[in-house]
Structure formats: structure tokens, C-alpha cells
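I opened my notebook to look a few things up in this structure, one entry at a time. Here is what I wrote down.

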Amino acid sequence: MNTPSKLLPLFLALLLFLIPLTFILNTSTQTYKPFHGLTATTSNHRHKNIDHSFSVSKAISLNITHCFPAELPSNPITDNHCCPSKPSFSNLIDFKDFASPNATLRVRKPFHMLDEQYIAKFEKGIALMKALPQDDPRSFIQQAKVHCAYCNGAYHLEPPFQDTKFDIHVSWFFFPFHRWYMYFFERILGNLIGDPHFALPFWNWDSAEGMQMPSCFTDHNSSLYNQLRHQKHLPPHVVDLNYHLEDSYVPSQQQVSYNLATMYKQMVLASTTELFMGSPFRLGDNNPHPGMGSVEVAPHNTLHSWIGGADTPHHEDMGTFYTAARDPIFYVHHANMDRMWAIWKTLGEGRRDYSDEDWLDSEFYFYDENADFVRVKVRDCVDTKKLGYVYQDVDLPWLRTPPTSRKSKLLRQRKKDEVLSWKPIKFPLVLDSVTSVIVKRPKKKRSREEREKEEEVLVMEGIEFGSDKYVKFDVHVDDDEERLSNPDETEFVGSFVNVAHGHGHNITTTFKVAISKVLENLEVAEDDDVLVTLVPRVGQGDLILGNIKIEFFPRELKD
């Protein structure tokens, strides 16, 4: 009768083997579960409290089966029904339509270099989109609703994070979402006009020749016309890439200089992936607005506001995201934004896309030219050639137009000494007036090798404001409060800009500005601290700032 006692050690050994095996199997099979008719994907999703040592995926995927009323600013000019046509989930397609290596690539050209024939094709395509039934997902109004839904909280994340409203702005999703959006818009246009090689033109606002609204957008008889635009900003008015809702007279050539210096700062000085692309947002993160990349702030947000109507509540159409895509100029503006992403990766210093799997495996949904519902991943859009298009090479004058300093080092030091003698600023603070603060540097006297490996970054964290507020403040380093530098001067290092696109809640985010080259050019790279001056331009008193500090971001240098 001693058989059970002999089997007991074997049973315990088997149990000890099965328990960890069961855990491992459960971990590996908790993938995106099919629900409401959706088929399974290969992306894994976990609760944020899971031990991340198992390398579980926190890629974003939306509960696309539910589209809620959009969260609009107060006094909107449209209703909150931004949901596109309800898809047939039984026909859901995973994107595989990559261009073959030998395919002829579509070439996106600058608008100011197009001939009349090409412009007519573009106008025809937009007119045909507008003529489609309004419930056709390829129609112009339905395509515009895609942007509203993705920007104004109509889509939520999958359970158990279904209370998190998704917004493709103010994070690392800004560029890939809009690239896919323009890609399918372009394919729909080409299909409607019977030209599969048609390429969406771009508004070349980063060169002097393109720094006016293309004139065909002002033709009342054109499908490109939209009456809800700022009437004082029509041609030949030069765009203001650092616009703050107020017009002051600046000679055209001076405005061009300001714009080129702005582009240099946003493209060249933003040398790390996070500074340019925006900050990570993963499944389970508490804050869906971690931080914008450089060109999303400006010229993206600033040009939206510059174009939008002056007499509408929130500068509709272009001046707020729920209506922005109702204006045809939105698409050529974003084509150039997409071009900025392509150009940025060619500027050296180790510039490259995120390699994070949580970014690469995140998903969006669009309708294609056949009205099929398509699921796409970020990883499949990082190379435009695989999507079948490139941009025409044109001159980049901003590469040759760095900002310069017109103040003496002695004057800057005297101003810094004055602020050092003041009572220290306490955070958090309400930004209701020009504010200067001394920020200690954690490192100084860095070697050349250290400077090449790390970018010194000014970090403004805990920025809080109402989601329906348009707020803007400028940031200056080692400047004079009484004679602040212009956008083409070194001391003016950047601007934070929020475009109103919600109502009823606060947004908390972070703003980051690269200052390594700024400190070198001002000859203060070995100083113990920097003088930071914040200048509220729009929404004085509507914004709270939690803290200012300096951090060092590693550059992704290639081997």
C-alpha cells in the first residue's frame, strides 16, 4: 500500500513543471481577441500592471466597432456626428498592397510648379469626391470625418482601456496616421479620375516660392475653394509659420526670413527621434497627449490657424481639427508635412524612425479606393517607396538659413545676473505674463564626443490647459525681456502651440526644445545655468506650467 507515497514525488514534480509552463502559454496567447466580428491580429495587448519583462506588446489598436459622438469645442458650427460610414467587418482587409521593387513611383510635386493640366486633374478629383453620395466612404465629407473621428475622441481604445479617447495628435502617432490618411486619399482621387499614377501635390510653404496660398484655392468656381478662410491671408500675403492669431505688419521679405529660420529650428535643431516625431504613447499609458514633435507644433498647428476663418468661433474650417479636413487645402498642407518626415531622415546626426515595436505594431483603419475597409500598421508606412511614391527634389533654402544672434554676450550675461538677483519663481505657475526663470544645467563642459551622443533639451512639463483653448507661448534662451528676439534670432528657440479641438476636459502635456547648438552659438555652453523667458502670445492665464528642467536625449547614431 505504499504506491501512493511513491507517486507523490512524481506528482509534485509534474505540478512544478506544469505551473510555469501554463503561465508561459497563457502569456503568449493573450493576443488581440476577436470581438464584434473582427478577426484576430498578431498584435498582443496587456494590462499596464503586467510585468513587462515578458516583452508584451503595448501597441495601440482601436475599438473600431464603436464610434462615439465627437468631443467638439464650445459653440461648434457642425454637429458631433463625425463617425465615418459603418464598415462591414466581414470584409476587413489587412494592408498588403505594397509597390513592387520595379514599379514606377508616383512623384508628388510642389503646387507652385504644377501646370494647368495637372491642377485641373486635381480639381476634377476633388469635384468627383464631393459629388459622391454622402454615405459613400470615399466621398469628400466622409473623408473629412475620418480626421474628426481620429482627432476628437470618437474612437476609444480596446477594453480594458475603453475609457481612453484616442487622439492622433500630441504623440508619436502624428506622422504615421497622416501619412496613411494622405495615401488613401490620393488613391481615391486617382481612381475617380482614372489615373492610378496620380500623385497628391504638396504646398511647398518651406520655400520662398511657395510661401503663399496657391491661387487656385481662391477661385470661387474651383472645387478647391472654401469660404471659411482668413480673408486677409489670401495671395499675395506671405504665410506666417509662427502665427499667433494676430496680424502685425511684417514686410514680405522679412516674413520669408522668419519662416526660413523657423524651418531651420524645427528641422535641423530637432535632431533626436522624440524631438521631431513626438513622444511615445502606449496601451495603458495614463496620458494620451505626452508631447508633440517639433514640426507638429509649428508649422503644422500655426498654419492651421493662419488659414482658418477669422470670423468663426474656433477659426473653422482649418483652424480647428474637427472641421479642418473639410477644406481641400488641408490635404496639400499635410502632403508637405509628410514630406518633412521624409526629409528629416536625410539630415544626418543619426536621424531615424522609432524602432519601438509598440509604435511599429500600432494600427489604424481606412477605406481604400474600392470602398474596402483596410487595417494598416505603422511599420508599413515608414518607407514611402513601398507605398509607391516619392517627393520631387526641390531646393531647401532653410538649410542655409540658421538663426543668428544680434545681442552681445555681455548684454545677455547682464540680463541673466538681474534675474539671478530676483526671488526664485515657484512652480507650478499660471502663465499670464512674460516670465523669466533660471534653469540649472545638470551637465556642463561636455566633451565633443558627449555632445555628439546627446542632445541637451529644455523640458517644460506639466503644461495644463482646457482642450477647447487655443494657447501659444514663445520660448527664449538668454534673451532680454525688454527687447525680445525675433523668430530669425538664436535666442528665440521655439513656440508651444495648441489648436482647440475638444471641450470639457484638460490636456496635460510636455514641450521639449533642443538647445545644444543654441548654447554653442551663444557662447554659453559652459555656463552653470540658462535664462529661460516664456512669452504668452495667446491664452494668457489659460495655461499652467508645472516645471522647467534640462535633460539629455541620446542621439540614435549609426554604427
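**Entry 1: a word I need first.** I call a residue buried when its relative accessible area is under 20%, exposed when it is over 50%, and partly exposed in between. I also remind myself that this is a predicted model.

**Entry 2: disulfides.** A disulfide is a covalent bond between the sulfur atoms of two cysteines. How many disulfides does a search of the whole structure find? The search turns up two.

I began with the pair Cys 82 and Cys 148, which a disulfide joins with an S to S distance of 1.8 Å. Cys 82 sits in the loop between H1 and S1, while Cys 148 belongs to helix H3 (residues 140–151), so this link ties together parts that are 66 residues apart in sequence. I checked the cover too: Cys 82 and Cys 148 are both buried. The torsion about their S-S bond is about 65°, so I noted this disulfide as right-handed.

Next came Cys 67 and Cys 83, whose sulfur atoms are 2.1 Å apart in a disulfide. Both Cys 67 and Cys 83 lie in the loop between helix H1 (3–29) and strand S1 (93–94), 16 residues apart. Is Cys 67 buried or partly exposed? Cys 67 has a relative accessible area of 29%, so I put it down as partly exposed. Cys 83, at 24%, is partly exposed as well. With -100° about the S-S bond, the link of Cys 67 and Cys 83 is left-handed.

I then counted the bonded cysteines along the chain and got the pattern 1-3, 2-4.

**Entry 3: two other cysteines.** Why does the sulfur of Cys 151 make no bond to the closest cysteine sulfur? That closest sulfur belongs to Cys 148 and is 7.6 Å away, which is too far for a bond. Cys 151 is buried, with a relative accessible area of 2%. I looked up Cys 216 as well, and at 12% relative accessibility it counts as buried.

**Entry 4: a small sheet.** Strands of a sheet pair through backbone hydrogen bonds, either parallel or antiparallel. Here I found an open sheet of three strands in the order S1-S4-S3, with mixed pairing. S1 and S3 are the edge strands, as each pairs on one side only. Helix H4 packs on this sheet and touches S3 and S4, and its direction makes about 15° with that of S3.

In which sense do S1 and S4 pair? I noted them as parallel, over two bridges. Going through the partners, I found Ile 93 opposite Val 374 in S4, and Asp 94 has Arg 375 as its bridge partner in S4.

On the other side, strand S3 (residues 363–367) runs antiparallel to S4, and five bridges join them. One partner I wrote down is Val 376 in S4, matched with Phe 364. S3 and S4 form a hairpin with five residues between them, and Ala 371 in the turn has a positive phi of about 65°.

**Entry 5: strand S4 up close.** In a regular strand the side chains alternate between the two faces of the sheet. I followed this along S4: Phe 373, Arg 375 and Lys 377 point one way, and Val 374 and Val 376 point the other way. How many of the five residues of S4 (residues 373–377) are buried? I counted five of the five.

**Entry 6: His 289.** I found His 289 in the loop between helix H6 (273–277) and helix H7 (294–307). Its relative accessibility is 9%, so His 289 counts as buried. Which residues does His 289 contact, leaving aside neighbours within four places in sequence? My list for His 289 reads Asp 167, His 169, Val 170, Ile 507, Thr 508 and Thr 509.

**Entry 7: Ser 223.** My last stop was Ser 223, in the loop between helix H4 (174–192) and helix H5 (252–269). With a relative accessible area of 14%, Ser 223 is buried. Not counting residues up to four places away in sequence, Ser 223 touches Glu 123, Ile 126, Ala 127, Lys 130 and Pro 328. I looked further at Glu 123: its backbone oxygen lies 2.7 Å from a polar atom of the Ser 223 side chain.

Key: Residues numbered from 1 in each chain as written. Predicted model: local features only at pLDDT ≥ 70, side-chain atom pairs only at ≥ 80, totals over all residues. Heavy atoms only, no water. Disulfide = S-S within 2.5 Å. Helix = DSSP H or I, 4+ residues; strand = E, 2+ residues; numbered from the N terminus. Buried < 20%, exposed > 50% of the residue type's maximum accessible area, 1.4 Å probe, protein only. Contact = heavy atoms within 4.5 Å. Pairing = 2+ DSSP bridges. Polar contact = N/O pair within 3.5 Å; in protein donor to acceptor, adjacent residues only side chain to side chain. Axes fitted to C-alpha atoms, helices over the stretch in contact; angles between N-to-C directions.
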